[in-house]
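This briefing addresses the aromatic residues, the overall architecture and one surface position of the protein shown below. Topics are grouped under short headings.

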Amino acid sequence: IIFSLLLRMNAFLHPFLKLTQILLFVAVGFCPMAKSALFQADERSALEDLYKSLGGPSWVKNKDWLKNEPCSGWHGVKCMKGRIVGLRLVNNRLSGALPQSIGALTELRDLTLTGNRITGPLPSDMRHLKKL
């Protein structure tokens, strides 16, 4: 009985769910704030991946990383209008390979990681960093 009821509810709600998806798609497409929020989530995720893949807990300076938002004081992160435009982690004991997700930092203009032990090939998604 419960399964049958759920199927009927799904059939009834399906058009409304589809409409909600369409409205969300339109809102993201036309609303700069919605786009910005999506970019910020992707950028934060990319920085979290970077922190994990390059041994973040062992960095010399990792103050405020993974706390709050990246633009509110993460060491070495520079932002402009809520977007990450710079990443400077010089001589900071980074060790490992850059994650593919670094390609999500599409507004990045400065990437300075000298004096660390970065290994492996450059991620192919770095091709999205057209402003470097």
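Across the whole structure, a search finds four aromatic pairs. The model is a predicted one. Ring pairs join Y51, W59, W65 and W74 into a cluster.

**Aromatic cluster**

- The ring centres of Y51 and W59 are 5.0 Å apart, and their planes stand at 70°, so this pair is edge-to-face. The assignment follows because planes over 60 degrees apart count as edge-to-face.
- Y51 has a relative accessible area of 9%, and it is therefore classed as buried, the limit being under 20%.
- W59 is also a buried residue, with a relative accessibility of 4%.
- W59 forms an aromatic pair with W65 as well, and this pair is edge-to-face, with 5.0 Å from centre to centre and 85° between the planes.
- W65 has a relative accessible area of 4% and is buried.
- W59 thus appears in a pair with Y51 and in a pair with W65, and W74 belongs to the cluster that these residues form.

**Overall architecture**

- The protein contains two helices and five strands.
- Read from the N terminus, the order of the elements is α-α-β-β-β-β-β; the two helices are thus followed by the five strands.
- Of the contacts in the protein with a separation of 6 or more, 48% are between residues 24 or more positions apart.

**Burial and surface**

- The protein has 132 residues, and buried residues make up 27% of them. Y51, W59 and W65 are among the buried residues.
- The accessible surface of the protein amounts to about 8,900 Å². Carbon and sulfur atoms account for 64% of this surface.

**Position P121**

- P121 lies in the segment that follows β5, the strand spanning 117-119.
- The relative accessible area of P121 is 71%. P121 is therefore exposed, as the value is over 50%.
- In sequence, P121 and A97 are 24 residues apart. In space, the distance between P121 and A97 is 7.6 Å, taken from C-alpha to C-alpha.
- In summary, P121 is an exposed residue, whereas Y51, W59 and W65 of the aromatic cluster are buried.

Technical notes. Residues are numbered from 1 along each chain as its sequence is written. This is a predicted model: local features need pLDDT of at least 70, side-chain atom pairs count only at pLDDT 80 or more; totals for chains, interfaces and linings use all residues. Side-chain values use heavy atoms; hydrogens and water are left out. Rings of Phe, Tyr and Trp (its six-membered ring) pair if their centres lie within 6.5 Å; planes under 30 degrees apart count as stacked, over 60 as edge-to-face and the rest as tilted. Buried means under 20% relative accessible area, exposed over 50%, partly exposed in between (1.4 Å probe, protein chains only). Helices (H or I, at least four residues) and strands (E, at least two) are DSSP runs, numbered from the N terminus. Contact means heavy atoms within 4.5 Å. Accessible areas come from the Shrake-Rupley method with a 1.4 Å probe; for residues, only the protein chains shown count as cover.
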